[in-house]
Amino acid sequence: MSPKVTIIIINYNGLEDTRECLASLEKVMYPSFKVAVVDNASKNQDAVVYTLRKEFPKVEIIALPENLGFAGGNNTVIRWAQKRGSNYMLLLNNDTTVAS
């Protein structure tokens with residue numbers, strides 16, 4: 001059985017980069033991972049959250065009411081992932097694309 005991994009991506013006013021990152025993650029062949037995006041209070045947060053949920057329905061989108069910075073955003077999702085039994089967390093910048 002493969003360890004459960006949560007891939008965490010922080011978005012702040014970077015919708016296009018985040019979309020590219022998520023599209024690359026859809027091709028990952030590892031059998032046991034979840035993706036969580038935390039929107040760190042982007043200027044157009046409602047539109048960002050709507051777009052990401054529509055285009056990537058399997059991704060957990062967490063919308064923060066205020067910008068907690070890189071560490072605060074990651075810590076929020078790390079706690080969320082730990083409560084859901086994740087064994088490992090992988091922090092990715094939203095401008096990252098990955099190989100399958």
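**Why these names fit**

Reader: What makes the contact between glutamate 55 and arginine 19 a salt bridge?

Author: The side chains of glutamate 55 and arginine 19 meet at 2.7 Å, N to O, and a salt bridge is defined as a side-chain nitrogen of Lys or Arg within 4 Å of a carboxyl oxygen of Asp or Glu, so the pair earns the name. Glutamate 55 lies in helix H2 and arginine 19 in helix H1, so this pair ties together parts that are 36 residues apart in sequence. This is a predicted model, in which local features need pLDDT of at least 70 and side-chain atom pairs count only at pLDDT 80 or more, while totals for chains, interfaces and linings use all residues. Residues are numbered from 1 along each chain as its sequence is written, and side-chain values use heavy atoms, with hydrogens and water left out.

Reader: Which residues are linked in a network of salt bridges?

Author: The network links Glu16, Arg19 and Glu55, since arginine 19 also meets glutamate 16 in a salt bridge at 3.0 Å, N to O.

Reader: Why is arginine 19 called partly exposed?

Author: Its relative accessible area is 26%, and the term covers values between buried (under 20%) and exposed (over 50%), with a 1.4 Å probe and protein chains only, so arginine 19 is partly exposed.

Reader: How do you know that strand S2 and strand S3 pair?

Author: Two strands pair if DSSP finds at least two bridges between them, and S2 (residues 33-39) and S3 (residues 60-63) have 4 bridges in the parallel sense, so the two strands pair.
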